Amino acid sequence: MIVKFLHEKGLRSEHAYTVACLTIGLSVASWVTSMKVEPMGVDRADRWGIFVATWPATWFGLGQALAQYEHADERFGDDA
């Protein structure tokens, strides 16, 4: 139901995969930035990096779900 809604709004599997790849870089960037800016040091930087690092898996999973939906849509037409 959510995948169908997102697909109807224009989100495609390629978009989700692109965001997933970008969030990997964002995870590294947030870790490096936190290391330099935050006074808490490595502990806070590690927490930020790990928090943002959970996002790629979510986006890759969503991309996979969208790809399956797109494939079913191609095979069965609008009835999928």
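These legends walk through close-up views of one predicted model.

The model is predicted, so local features need pLDDT of at least 70 and side-chain atom pairs count only at pLDDT 80 or more, while totals for chains, interfaces and linings use all residues. Residues are numbered from 1 along each chain as its sequence is written, and side-chain values use heavy atoms, with hydrogens and water left out.

**View 1. Helix 2 from end to end.**
Helices here are DSSP runs (H or I, at least four residues), numbered from the N terminus. Helix 2 has 25 residues and reaches 35 Å from its first C-alpha to its last. That is close to the 36 Å expected at 1.5 Å a residue, where the expected span is 1.5 Å times one less than the number of residues. Look for the buried residues of helix 2: Ser 13, Ala 16, Ala 20, Thr 23, Ser 27, Ser 30 and Ser 34. Buried means under 20% relative accessible area, exposed means over 50%, and partly exposed lies in between (1.4 Å probe, protein chains only). As you follow the spacing of these residues, a general point may help. An α-helix has 3.6 residues a turn, so residues three or four places apart point the same way. The buried residues of helix 2 pack against helix 3 and helix 4, and the next two views show these partners in turn.

**View 2. Helix 2 beside helix 3.**
Two packed helices are described by the angle between their axes and the distance between the axes. The axes of helix 2 (residues 13-37) and helix 3 (residues 42-53) come within 8 Å and cross at roughly 165°. Axes are lines fitted to C-alpha atoms, for helices over the stretch in contact, with angles running from 0 to 180 degrees between N-to-C directions. Helix 2 and helix 3 are therefore roughly antiparallel, the word for angles over 145 degrees (under 35 is roughly parallel, 65 to 115 roughly perpendicular and the rest oblique). Their crossing is right-handed, which describes a near helix turned clockwise from the far one by less than a right angle (anticlockwise would be left-handed). On the side of helix 2, the contact is made by Thr 23, Leu 26, Ser 27, Ser 30, Trp 31, Ser 34 and Met 35. Helix 3 brings Val 42, Arg 44, Ala 45, Asp 46, Trp 48, Gly 49, Val 52 and Ala 53. Contact means heavy atoms within 4.5 Å. By type, the residues of this contact are eight nonpolar, five polar and two charged. Here Ala, Val, Leu, Ile, Met, Phe, Trp, Tyr, Cys and Pro count as nonpolar, Asp, Glu, Lys and Arg as charged, and the others, Gly among them, as polar.

**View 3. Helix 2 beside helix 4.**
Helix 4 spans residues 55-76, and its axis comes within 8 Å of that of helix 2, with a crossing of roughly 170°. This pair, too, is therefore roughly antiparallel. From helix 2, the meeting residues include Ala 16, Tyr 17, Val 19 and Ala 20. Among those they meet in helix 4 are Trp 59, Phe 60, Leu 62 and Gly 63. The contact of helix 2 with helix 4 divides into 14 nonpolar residues, four polar and one charged.

**View 4. Ser 13 and Ala 67.**
Ser 13 is found in helix 2 and, at 4% relative accessibility, counts as buried. Leaving out residues up to four places away in sequence, Ser 13 touches Gly 63, Leu 66, Ala 67 and Glu 70. Ala 67 sits in helix 4 and is partly exposed, at 25%. With sequence neighbours up to four places away again set aside, Ala 67 touches Ser 13 and Tyr 17. Ala 67 and Ala 16 are 51 residues apart in sequence, yet their C-alpha atoms are 9.7 Å apart in space.

**View 5. Trp 59 against helix 2.**
Trp 59 lies in helix 4 and is partly exposed, with a relative accessible area of 27%. Not counting residues up to four places away in sequence, Trp 59 touches Ala 16, Val 19, Ala 20 and Thr 23.
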